[in-house]
Amino acid sequence: MDSTDRKILKLLQENAQYTYKEIADKISLTQTPVFDRVKRMENEGIIQKYVTILDKKKVGNSLTVFSQVTLTKQTVEISSVFDETIEKLPEVVECNFVSGGFDYLLKIIVPDMDTYHKFHQLKLSIIPGVSLINSYFVMSEVKSTTEIPI
């Protein structure tokens, strides 16, 4: 990956709907090499997919919760069951296995506190191996981006 690839990636992270012509104009190339580079990066898995980012409040999901989850044991079996269950829960938009004082950090997006309470009681806390859940409710989102530094 060279500096031209990086410029293309920065532009696509800014707006995935840029046309090849718009990208080419912004980085002083023609459309063909831009097209070839984008296709190569897609084939290599550098570009994984293109998505539409929604305003969560406007679609009725105004509560963001971060939950620290501690398991009873850190075994492959317990972790696998947890991972597989979390994959099926659309409310969980991010799940990270972490080091430190707990095992997983979840980012959960739901409409309101009542919905989170039901989610916590009926879905999250009943996963086999879950020992402790500490939840933190976002009061104000200071920064949120999907762009990764390149």
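Biologist: At what angle do α1 and helix α3 (residues 31-43) pack?

Modeller: At about 80 degrees, with the axes of α1 and α3 11 Å apart. Axes are lines fitted to C-alpha atoms, for helices over the stretch in contact, and angles run from 0 to 180 degrees between N-to-C directions. This is a predicted model: local features need pLDDT of at least 70, side-chain atom pairs need 80 or more, and totals for chains, interfaces and linings use all residues. Residues are numbered from 1 along each chain as its sequence is written, and side-chain values use heavy atoms, without hydrogens or water.

Biologist: Why is α1 called roughly perpendicular to α3?

Modeller: Roughly perpendicular covers 65 to 115 degrees (under 35 is roughly parallel, over 145 roughly antiparallel, the rest oblique). The α1 and α3 angle is about 80 degrees, so α1 is roughly perpendicular to α3.

Biologist: Which residues make the contact of α1 with α3?

Modeller: T4, D5, I8, L9 and L12 from α1, and V34, R37, V38, R40 and M41 from α3. Contact means heavy atoms within 4.5 Å. By class, six of these residues are nonpolar, one is polar and three are charged. Ala, Val, Leu, Ile, Met, Phe, Trp, Tyr, Cys and Pro count as nonpolar, Asp, Glu, Lys and Arg as charged, and the others, Gly among them, as polar.

Biologist: What makes α1 oblique to α2?

Modeller: α1 and helix α2 (residues 20-27) pack at about 125 degrees, with their axes 10 Å apart. That angle lies in none of the other ranges, so α1 is oblique to α2. T4, K7, I8, L11 and L12 in α1 meet I23, K26 and I27 in α2. The class count for α1 with α2 is five nonpolar, one polar and two charged.

Biologist: How do you know that α2 is roughly perpendicular to α3?

Modeller: The axes of α2 and α3 cross at roughly 110 degrees and come within 8 Å. That angle lies inside the perpendicular range, so α2 is roughly perpendicular to α3. Y20, K21, I23, A24 and I27 of α2 touch Q31, V34, F35, V38 and K39 of α3. Here seven residues are nonpolar, one is polar and two are charged.

Biologist: Which helix or strand gives the most to the lining of the largest pocket?

Modeller: α1, with four residues. α1 (3-14), β1 (63-71), β2 (92-97) and β3 (104-110) each supply at least two. Helices (H or I, at least four residues) and strands (E, at least two) are DSSP runs, numbered from the N terminus. The lining has 17 nonpolar, 12 polar and nine charged residues.
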